[in-house]
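Please open the model in your viewer and keep the selection panel at hand, since the tour goes from one selection to the next.

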Amino acid sequence: MSDTSSQRMEPFVRHEMLPEQAPPSAQSGIVKWSRDNLFSSTSNSVLTVLSFVSIYYIIASASPWLFNGIWNASSIRECREILDGAVGGCFAVLAERWNQLLFGFTYPDDQYWRPTLAFVLLLAAAAPVMFFKYLPSKLLFFTAIYPFLAYWLIWGGPILSPIFALLGFVAGYLVWGRLVNKSFAFGFFGAIAAAFVTWAIGGAITGAVAPEQSLLSAVPSRDMGGFMLNLILGTVCVSLSLPLGIALALGRQSDMPIIKWICVVFIEFVRGVPLITLLFVASVVLAYFFPPEASIDLILRVIIMITMFSSAYIAEVIRGALAALPRGQYEAADSLGLDYPQAMRLIILPQALKISIPGIVNVAVGLFKDTTLVSVISMFDLVGMIRGPILASTEWNGVYWELFAFAALLFFIVCYGISQYSQWLERELATDHR
Amino acid sequence: MTTLSDPPQGSFRLSMLLNDTRYRSYTFQFIALIALFAAFAYLGSNLVQNLRAAGLNISFEFLGEPAGYDINQRLIPYDSQSSHWQAAKVGVLNTLLVAFLACVTATVLGVVAGVLRLSNNWLVRKLMAIYVEAFRNVPVLIWIIIIFTIMTAVLPSPRAFRGDDPAATMLFDMFAFTNRGVYVPAPSFASGILGSAADWLIILASLVGSFFVSRWNVHRADKIQEATGQRPATFWVNLGIWLGPLVVLCWIMGLTWEYPALKGFNFAGGLTIRGSLIALWFALAIYTGAFIAENVRAGIQAISKGQTEAAASLGLRPGRIMNLVILPQALRVIIPPLISQYLNITKNSSLAIAVGYMDITGTLGGITLNQTGRAIECVLLLMLFYLTISLSISAVMNVYNNAVKLKER
């Protein structure tokens, strides 16, 4: 008899898992990504094809111009001779007029190192403020003395002027520290009085002692120009308009009707007119309002008007942020017995300024772009240099695209960098974790 | 025994002016008023002194004197013997024209770009992001100059249209794109009813009437849908309401087109839209369209995702979700910044002097100011004009905000 029991089939039980198989080729990798993101429906596919066609067209027409460029020629005619009919950009204008585009028409040639050093130091001075969590806070001392150092580097003149200007602020700060505990008014007005006294003494001493030939030769303001002028106007006006904007915002929402109405009228008037009319005021009208013997530089008048302009916009941003604070914050400050300046300084303004950072950065970027408007009142900033001395000269008449693309690129780099920084800053300061 | 005595009455002391919060605000306001008057007195005295030294005075009589310069684009009659005031009026109309055209175009561009930035097509999203970032980060003056350079340096001159084998040809034999401007056919009414201006007013009145009738039609369809559940078709009826009266009126008044034709070295006839107007219009529209795109995107993203999901769970299709659920809520967030962008367009149109377009800044603030030397009066009038426009646009925005405000109890 056969032994069937030993040939009985055992049920199959798997003991280890099968290895995973790769997904089908149409469901993984770039094919799946394209199907989901580029070709997910008929209309999407049409849009994708149209986009590809237009991208190809743009790149095909722009890349010969970009990569076939001439960097070494001395006039547009020479560029065209070298190209001999081919398509190519005449970038030699940038190479030859680089210093003029950056520093202006009449800035002395051998002194270019001064604004360059001031610009590098600007980055070094802004870094402790921009990345305050990651850099030691002692570096803020350098940020505090940077404005005076930069003024002395760019404008030159006797070194005693910026030193005494700095000493005035130091004296004011010391007096404020001593007196503010008595009352805010004492501290504030005492500080202003101390600063003015120091400046008056310093002005007298500088006038008496200044040597004939100072360490850095004085450069008059009308020689400033190029992209340096845009940067100077942008940084000075934004930094000066911040405290003014905060004061205007606080005044606009105060309970005292006269102060409130002064602020409201100022803000609405300045926001309702275009910047170019304010620049017209700076160039032709403002001189009538100063005493006859005072002759104020055009750049100073322009800085005054642009500061007024941007402080009104910043005041509106901060007003929105103050309105976004819950009313409980004000009431809690009152219940702790803090008076108005203490409540503002310790509780309200830190929160309001944090909320308003994106808005302020928007205003700052907009203002930096608006500094190109000074070319309309014949100051030779970057756009003024391009339209004026460079395009009007016989060697470079007709070189439009290279120059305007360069100007657009410079502004794009700065403005895009600032807006990316502000998005990073918002993420850093976000205290809510959702 | 206890004696009752009145609580001590605080007598007024002078130091209370600074220390007592009841009186301190009056003190500060008094000081502020004194400081304001002192500042105005100082500036005013300087002004009077400087004006006297220069031999000038403040007077607006120059507005009545003949201007002595020509304006190449004008909507109202003007020649070089018209007064400065007439030149200012031409400038005002030019400003309003370019601002209106740019506002309409910018809104269309901005809404399209904003909605496309939220599309689920990766390539389209990235392209729109590049457009928005490129135009937002470069000054508007540079864009105006670039587009003007495109118009003057790239487009052919009218001479290129001459000859048997011309280098450039007209589009449909109706439109000519040259470096001096764009020549389009000009409409006019051959057998008009009252006169050319009144004919256009009749057309405008018929358009306004069509608007209200079509709104009433939609309202009627809503009522029927609420009562019976069936919605009558409104699209074709509305189309007829808009087009019917228009077509009939144009046929009655005999609408004719005058085509531009090459005569000699230039085009004659038709309507000329100069390069400076087109450059300013397109530059402002594309530049502000990038900002409007960001506002639209922010508005749509401000609506929580739950709304979309709830609408989808009710069975609504994506188009209906956008029209009926998302957009009405998003408009409340989009419209206030949109109106401030319109304000920005109007103020940025003052850059017209960079391309030679004669808006109010070019006539009143440019040539009139330089010729008559009346800087203070001209700048004052200029600022007054822009202030009026800004305040009216802000008033419109406030009216809209109050109308759609969420009414809280």
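**Cysteines, then the interface**

Begin in this predicted model by selecting Cys415(A), which is buried, with a relative accessible area of 0%. Cys415(A) takes part in no disulfide, and the nearest cysteine sulfur, in Cys237(A), lies 15 Å away. Select Cys237(A) next: this residue is also buried, at a relative accessible area of 0%, and because its closest cysteine sulfur, that of Cys415(A), is 15 Å off, the two are too far apart for a bond.

Now move to Cys79(A) and Cys90(A), whose sulfur atoms are 1.9 Å apart and form a disulfide, the one disulfide counted over all chains. Cys79(A) sits in helix α3 (residues 76-83) of chain A, while Cys90(A) is in the loop between α3 and α4 (92-96), eleven residues apart. The link is right-handed, with 80° about the S-S bond. Cys79(A) counts as buried at 1% relative accessibility, and Cys90(A) does so at 5%.

For the last stop, show both chains: 52 residues of chain B are in contact with 53 residues of chain A. About 4700 Å² is buried between them, with carbon and sulfur atoms giving 75% of that area; on the chain B side, Gln29(B), Asn137(B) and Met383(B) lose the most area to chain A, together 12% of what that side buries.

Which kinds of polar link should you look for across this interface? There are 15 residue pairs in polar contact, but zero salt bridges by the rule applied. Finally, colour α2(B), which gives the most to the side of chain B that touches chain A, with 13 residues; by class, that side has 36 nonpolar, 13 polar and three charged residues.

Terms used. Residues numbered from 1 in each chain as written. Chains lettered and ligands numbered in written order. Predicted model: local features only at pLDDT ≥ 70, side-chain atom pairs only at ≥ 80, totals over all residues. Heavy atoms only, no water. Contact = heavy atoms within 4.5 Å. Buried area = accessible area lost by both parts, 1.4 Å probe. Salt bridge = Lys/Arg side-chain N within 4 Å of Asp/Glu carboxyl O. Polar contact = N/O pair within 3.5 Å; in protein donor to acceptor, adjacent residues only side chain to side chain. Helix = DSSP H or I, 4+ residues; strand = E, 2+ residues; numbered from the N terminus. Nonpolar A, V, L, I, M, F, W, Y, C, P; charged D, E, K, R; others polar. Disulfide = S-S within 2.5 Å. Buried < 20%, exposed > 50% of the residue type's maximum accessible area, 1.4 Å probe, protein only.
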